[in-house]
Amino acid sequence: MLGLTAPAAPRGWRKKLLRRAVEGPAALDPFERGQVKHLVSSSSGALAFLGACPPADWLCVFDPALRYGAPLRDVTGAIAWDPFDAFGLDDDDPPQRNADDRLMGRNAIPASAWSALVSNPIDRSALDDWSVASISGPRAINRPSLPPRLGRLAQWIGRVADNPVTPWWAASAGGLHPDIIRQVRLGRLENASDAVRRAWSLIATHHEHSESDFDMRWLEFSEEIKAAGWSEAALLRWADLLAPRITIQSVRGAPPRALVEGEPLTWRGILGADVDYPDERDRPPLPDGLLPLATSLVRLQLQDGLRLEAYAREFVYLNIPPIRPDPTIEGGTYSRDYGISKLLFRYVELLRGLARADPTLAMDETGAWPKDELFDRLRIWAMGEWSFWPVADVAKQIRDMAGENLWSMHGQRDLLLTLKARWPELSATDRKAIISRLSKGPEDRDSDDGEAQRRARKASASLTVLEWLAKEGCYLGPTYLTLKTRLRHVAPEWRPEWADRAAESYEGSVGFVGSDEDTTVLEDAPIREILSRASEAGGRDWRRLTERRPFSGLVKQQPARAFKALMTSAAAGDHPAWAWEAFFWDEGRKSDSTRLRAVIGERLARLPDDVVCAHMRTVTHWLQAASKNMPVPGAVWFSRLWDKVLDVLRTTPELGRSSVSSSSRKEWVTEALNSPGGDLAMALMEMDGRLNEDAKVFDASWLARIETLLSVPGVVARSAAVILLRNLGWFYYWAPDWSARWLLALLNGDEDDQDAFWDGLLSAGRPPPAGLYERLRPEMIALAASQPSHDQAERLAGILLSGWGSRRRDRSRYVSDADMRELLIIAGDDFRSNILFALDRWARTEPPWRKNLRYFLARVWPRQRVAKTPRISGHLFDIAIESERGFASMVDLVVPLMTAVERNTLFLFKVTRNKSWIEKQPVALLKLIYKALPRDAGEWPYGAEEAVNRLSQQPAVAVDSRMIELRRRLAAR
């Protein structure tokens, strides 16, 4: 009788392996870690592993999310340590990474990656009744128990729970079976550090109160209320749904190296903790009769939220905006819907409803408010909001309130508006008491300031609020002038305008910053004062999301006057960058008259070198725009300014650096487009008359300018060459020898020169002409084989594939079948994927490529294992399923080239969308699907189960052995 029991391992081999496992996975070779994988894949092996109790580091092997975790990088962005090197298995697919290592985050996890922590076929064959849920009874309440193998691994996790790696793993696991928490509590936490115990406490709290699929549960609750209405029981469920709860997160960007090497950590180095306040959406209105209970329930949630904030962060910082919104703030305010503020404003909404329904009950609710910062903020707001709040109690509350709560920065608006609203009702005695309290200022904060500075700070705060009250019509009594004089003596730097903004909100807002280009302040300004006045009047008003730019308005309305102001200022030694950029980068420069361009060019050419140095990129940018359609060899002013700029760049080559840069691999084209050298090259390419059409040669003076530019040392020449290489085919067609000397020569330079050459050439997005293609073919094939950057691989694939599809006069291909096949074997998945993508796209739009596609798959595409990856299989599946003609023959072509696809593949919906293949070609479709689907049905892509079920209804395949196997896999899931 055949079973699913794994063969028992020899005892001697097992003992030796476990002794090695105790040393930790990093000490073992990948094949040895693979042996441990084999061991723990069976129940008896997991039991032996539990008995030996190897260190917690093995979690980094057992969990593919950790094996393929984010690499640790040094300050240059290069990989310093990769978890895959320390924890990878001998049969793991290596991480897919470009040659330039641009993938900065987590490595992609292959669909076939093994995990010790999920059930395997052996586990599923050993399930008992308690491992399967039921509709009723105890098994309907409790979560199914773990299979024996996973249960033993859970016990091992409990035994190594005192190692920081274990809670670090648990925080990133997403979900944990209750047995894990139970085993941890039964483990050895008494020997754990404080950091580890705190981390496990947060993890347990998170899992005890977390429920998945909140959106669905809220939707079901809302629909139930709409159907059955509110009741006290429903209100309690509502409060339970929206209760704040602890959430945990893995420590971002921290691979487990610091943990496995035993570095001391606080609990924050193990995991992150936060408090989540669920969103309430589309709540049916509460009846007035339930408002008292609802309000008290949310008040308790606020108090719980404060406790959880302290527990999750070890401190509480209430960044709560004023309860009364500030109408002067432009844009959307986001802080009201974030964190505990979200819950507070839900409470405020209920309080307002309760106050309207029954003021007495509203006042009763305030009697339950504790004395703390949050509820003092509510008191201050309510005393101004509710006229029924006893006025005598207003003064008492303010007199007795703790200083840090009274002087809260975010609460100052509510305090001032409340005092203004209730001031006429206050007695003279109460007013005097409040003024006395406010005149003392906020309490001293910890600082190294001297006594005079602390007193000045307190006096300044007092003056700000008292002056605001006075300006708003609140009579402060006959002695206020004396008090004001004394406070101003203590705080001489205080300014009256500070009081004007005392009741403004400090809450953040989001929105688009507009531009105010009103030039009124410059209309009567002398030329020499224009820039200084524009600078004084300019700036951003963050509250109104507006940037005042009067000089930009002048540039648009009176460009000649604006330029004259720039040159007058420069002659006096003042040439601010903001003004130069506002003028020279303005779109209006593209439509300047020829005369104005000449004036600007002449004046720039006569400027001192230091001014040109300070604004090099601005000058070259304008020169590029001004040269558009200018006849070769260019105007006199153009020649003078060109020579001036090149002279400065020769003496100060660092000025040629790009204004943009990349953190990892250089983006040569992007950098060139944003550099002086790139600007100058584009200026030459914009000119008219570059090519003498009659003589079929380039203008000699124009080529001489290019040669002069390419002779400037350093980055200037390289940036210019990158721009010119985008037109290498054009240059090579008309001047092959010149192109070889001045442009192709970059291939003989250093590594940066070569990389820049290919970026420039490939950015053209089209194959080179035949002669140049022949010359560059070996280098292009070598580049593709070296696993280039993603962008280079994408463009190279199209160029080389077009060469394969094109023939010489002797009918031979520019890229032979053999060369393409060898290249597909040694190149990376990026290149292979791009080849298939281009083949598929061209076959859909260009009839000759339909035939080419089938020939390519039959005669060129490699059969080697290296080309049979899940990613490539997904492309091949897509090609087959979209084949409108000859579907069965296409399936025969792709199936031998495939392996199982990845779980996140989205193309299987096409099977269920297009019923024709299910009904017309069920046998071919079964052959394709059987090859594409992983053996574990739990790893099948979305839509695969529906596709199999529909296909199984076709008589032609219903009893096919492959269909029976697919349905068996589904049943065993």
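**Entry 1: aromatic residues**

I began with the aromatic side chains of this predicted model, and I noted that Phe563, Trp580, Phe583, Phe584, Trp622, Trp637, Phe638 and Trp642 form one aromatic cluster. One member of that cluster, Phe583, also has a charge above its ring, since I found the charged end of Arg589 over it, 4.3 Å from the ring centre. I looked for a second case of this kind and wrote down Lys666, which lies over the face of Trp668 at 5.5 Å from the centre of the ring.

A search through the whole structure gave me 40 aromatic pairs. From these I picked out Phe757 and Trp758, an edge-to-face pair whose centres are 5.1 Å apart and whose planes make an angle of 85°. I then checked how accessible the two residues are: Phe757 is buried, at a relative accessible area of 0%, and Trp758 is likewise buried, at 6%.

**Entry 2: the chain as a whole**

For orientation I looked up the secondary structure, which comes to 53 helices and 11 strands. Of the 973 residues in the chain, 49% are buried. I also looked at contacts between residues at least 6 apart in sequence, and among these 73% join residues at least 24 apart.

**Entry 3: Gln792 and helix H43**

I came back to Trp758 from another side, through Gln792, which lies in helix H43, residues 790-805. Gln792 is buried, with a relative accessible area of 4%. Leaving out residues up to four places away in sequence, I listed its contacts as Arg665, Asp755, Trp758, Asp759, Leu762 and Leu783.

**Entry 4: the loop between H43 and H44**

Following the chain onward, I noted two residues in the loop between H43 and H44, namely Arg811 and Ser816. Arg811 has a positive phi of about 75°, although it is not a glycine, and at 55% relative accessibility it counts as exposed. Ser816 is partly exposed, with a relative accessible area of 27%. I also looked up the separation of Ser816 from Gly803, and the two are 13 residues apart in sequence and 8.6 Å apart in space, C-alpha to C-alpha.

**Entry 5: helix H44 and its two partners**

I next asked how H44 (residues 817-826) packs with H45 (residues 829-845), and found an angle of about 130° with the axes 7 Å apart. The two helices are therefore oblique to each other. On the H44 side I listed Met820, Leu823, Leu824 and Ile825, which meet Phe831, Arg832 and Ile835 in H45. Sorted by character, the residues of this contact are six nonpolar, no polar and one charged.

I then turned to H42 (residues 770-785), which packs with H44 at an angle of about 25°, with axes 9 Å apart. H42 and H44 are therefore roughly parallel to each other. Here Arg777, Ile781, Ala784 and Ala785 of H42 make the contact with Asp819, Leu823 and Ile826 of H44. I counted five nonpolar, no polar and two charged residues in it. Leu823 of H44 thus appears in the contact with H45 as well as in the contact with H42.

**Entry 6: the loop between H33 and H34**

In the loop between helix H33 (616-626) and helix H34 (636-651) I found Pro633, and the peptide bond leading to it from Val632 is cis, with omega near 10°. Asn629 is found in the loop between H33 and H34 too. Asn629 has a positive phi of about 65° without being a glycine, and it is partly exposed, with a relative accessible area of 47%.

**Entry 7: helix H22**

I wanted to know how far helix H22 (residues 412-422) is covered, and since eight of its 11 residues are buried, I recorded it as largely enclosed by the rest of the structure. The buried residues are Gln412, Arg413, Asp414, Leu415, Leu416, Thr418, Leu419 and Arg422. Among the elements that cover them I noted helix H19 (373-385), helix H20 (391-400), helix H21 (403-406), helix H23 (428-439) and helix H24 (451-471).

**Entry 8: Ser952**

Last, I looked at Ser952, in the loop between helix H52 (944-951) and helix H53 (961-971). Although it lies in a loop, Ser952 counts as buried, at 15% relative accessibility. Setting aside neighbours within four places in sequence, I found Ser952 in contact with Ala958, Met963 and Arg967.

Definitions and conventions:
Residues numbered from 1 in each chain as written. Predicted model: local features only at pLDDT ≥ 70, side-chain atom pairs only at ≥ 80, totals over all residues. Heavy atoms only, no water. Axes fitted to C-alpha atoms, helices over the stretch in contact; angles between N-to-C directions. Helix = DSSP H or I, 4+ residues; strand = E, 2+ residues; numbered from the N terminus. Parallel < 35°, antiparallel > 145°, perpendicular 65-115°, else oblique. Contact = heavy atoms within 4.5 Å. Nonpolar A, V, L, I, M, F, W, Y, C, P; charged D, E, K, R; others polar. Phe/Tyr/Trp six-rings, centres within 6.5 Å; stacked < 30°, edge-to-face > 60°. Buried < 20%, exposed > 50% of the residue type's maximum accessible area, 1.4 Å probe, protein only. Lys NZ or Arg CZ within 6 Å of the ring centre and 35° of its normal.
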